[in-house]
Structures are given as C-alpha cells and as structure tokens.
Amino acid sequence: MLTETPLSNRRREPVRTCVACRLEAGKSGLVRIVRRADGSAAVDRTGHASGRGAYVHALEACIEIARKRRALERSLKAVVSPELWSEVIGSPG
Ligand SMILES: [Zn+2]
C-alpha cells in the first residue's frame with residue numbers, strides 16, 4: 001500500500017511523519033491529531049486547528065502501533081481516548 005513518493009510530489013506537499021511507522025507521507029495521507037486546550041486529543045479534520053499536532057496513518061496497522069507505544073500521548077502530552085482511535089480509522093484520506 002505504501003509507495004515511494006516521487007521527489008516532484010514531495011516539493012508540492014508538506015511532508016509529515018507518522019508517529020507509528022515513522023514513515024514520511026504527504027499530509028493528505030495522514031490524519032492529524034491535535035491537542036486541545038483541555039489536554040485531550042482530538043482528530044483535526046480540517047488540518048488547520050491550532051495547537052500541537054501529530055500525524056498518523058489512518059491504517060489499522062499504524063493505529064495499533066501508536067496505541068501500543070502510546071505514541072500520540074507522548075508526542076502530544078495529551079490524553080487519548082479509545083473513541084479517538086475509531087475516529088481516526090473512520091477518517092477518509
Ligand atoms: Zn504509519
């Protein structure tokens with residue numbers, strides 16, 4: 001599923017790193033999780049919410065890794081609820 005991104009594409013789109021697999025991907029291939037003011041984590045569907053953000057692929061494999069390693073919690077210093085993960089899976093793109 002993961003394919004090499006041609007260099008020409010890489011220049012056009014900001015590249016972010018998935019907290020689970022550590023692979024770089026264009027923003028469109030990742031789901032942004034943002035830390036809200038109350039210290040909880042939320043899926044940022046717009047990609048423009050203010051606050052500290054982290055990125056993860058909307059793939060079960062990556063989500064499982066991120067859950068096990070508590071990668072989002074560590075990256076965002078936020079509380080990640082179980083519901084958030086099902087939201088990530090349900091996010092298109
Ligand atoms: Zn990933």
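Two strands count as paired here if DSSP finds at least two bridges between them. By that rule, strand 3 and strand 4, residues 41-44, are a pair, antiparallel, with 4 bridges. One thing before I go on: this is a predicted model.

Let me stay with the sheet. Strand 3 and strand 4 make a hairpin, and 5 residues separate them. Gly39 sits in that turn with a positive phi of about 90°. Across the hairpin, Ile33 is opposite Val43 of strand 4. On to strand 5: strand 3 and strand 5 are joined by 5 bridges and run antiparallel. Val34 has Gly53 of strand 5 as its bridge partner.

Put together, that gives an open sheet of 3 strands, antiparallel, in the order 4-3-5. Strand 4 and strand 5 are at the edges with a single partner strand each, so each has one side with no neighbour in the sheet. From one strand to the next, the twist averages 35°. Helix 4, residues 82-90, lies across strand 3, strand 4 and strand 5, and runs at about 10° to strand 4.

Now strand 3 itself. How many of its residues are buried? The count is 6 of 6. Both faces are covered. Leu30, Arg32 and Val34 are buried on one side, and Val31, Ile33 and Arg35 are buried on the other. Note that the two arginines, Arg32 and Arg35, are on that buried list.

Next, the core. The largest nonpolar core contains 20 residues, and Val19, Ile33, Val56, Ala66 and Leu72 have the most contacts inside it. At least two core residues come from each of strand 3, strand 5 (53-57), helix 2 (60-69) and helix 3 (71-76). Which element supplies the largest share? That is strand 3, with 4 residues.

Ile33 is worth a closer look. Setting aside neighbours within four places in sequence, Ile33 contacts Ala41, Val43 and Asp44, then Gly53, Ala54 and Val56, and also Leu72 and Leu76.

Helix 2 is next. Its buried residues include Cys62, Ile63 and Ala66. Viewed down the axis of helix 2, the buried residues fall within an arc of 100°, so they line one face. As a reminder, an α-helix has 3.6 residues a turn, so residues three or four places apart point the same way. What do the buried residues of helix 2 pack against? They pack against strand 5, helix 3 and helix 4. On the face turned away from the buried side, the exposed residues are Glu60, Ala61, Glu64 and Lys68. Just past the end of helix 2, Arg70 has a positive phi of about 55°.

That leads to the backbone. Most residues other than glycine have a negative phi. Besides Arg70, two more residues to mention are Arg22 and Lys77. Arg22 has a positive phi of about 65° and is not a glycine. Arg22 belongs to the loop between strand 1 (15-17) and strand 2 (24-26). Is Arg22 buried or exposed? The cut-off for exposed is 12 or fewer C-beta neighbours within 10 Å; Arg22 has 10, so Arg22 counts as exposed.

Lys77 is not a glycine either, and its phi is positive, at about 55°. Lys77 is in the loop between helix 3 and helix 4. Lys77 is exposed because 11 other C-beta atoms lie within 10 Å.

Key: Residues numbered from 1 in each chain as written. Predicted model: local features only at pLDDT ≥ 70, side-chain atom pairs only at ≥ 80, totals over all residues. Core = buried A, V, L, I, M, F, W, Y, C linked by C-beta atoms within 7 Å. Contact = placed C-beta atoms within 7 Å. Arc of directions from axis to C-beta. Axes fitted to C-alpha atoms, helices over the stretch in contact; angles between N-to-C directions.
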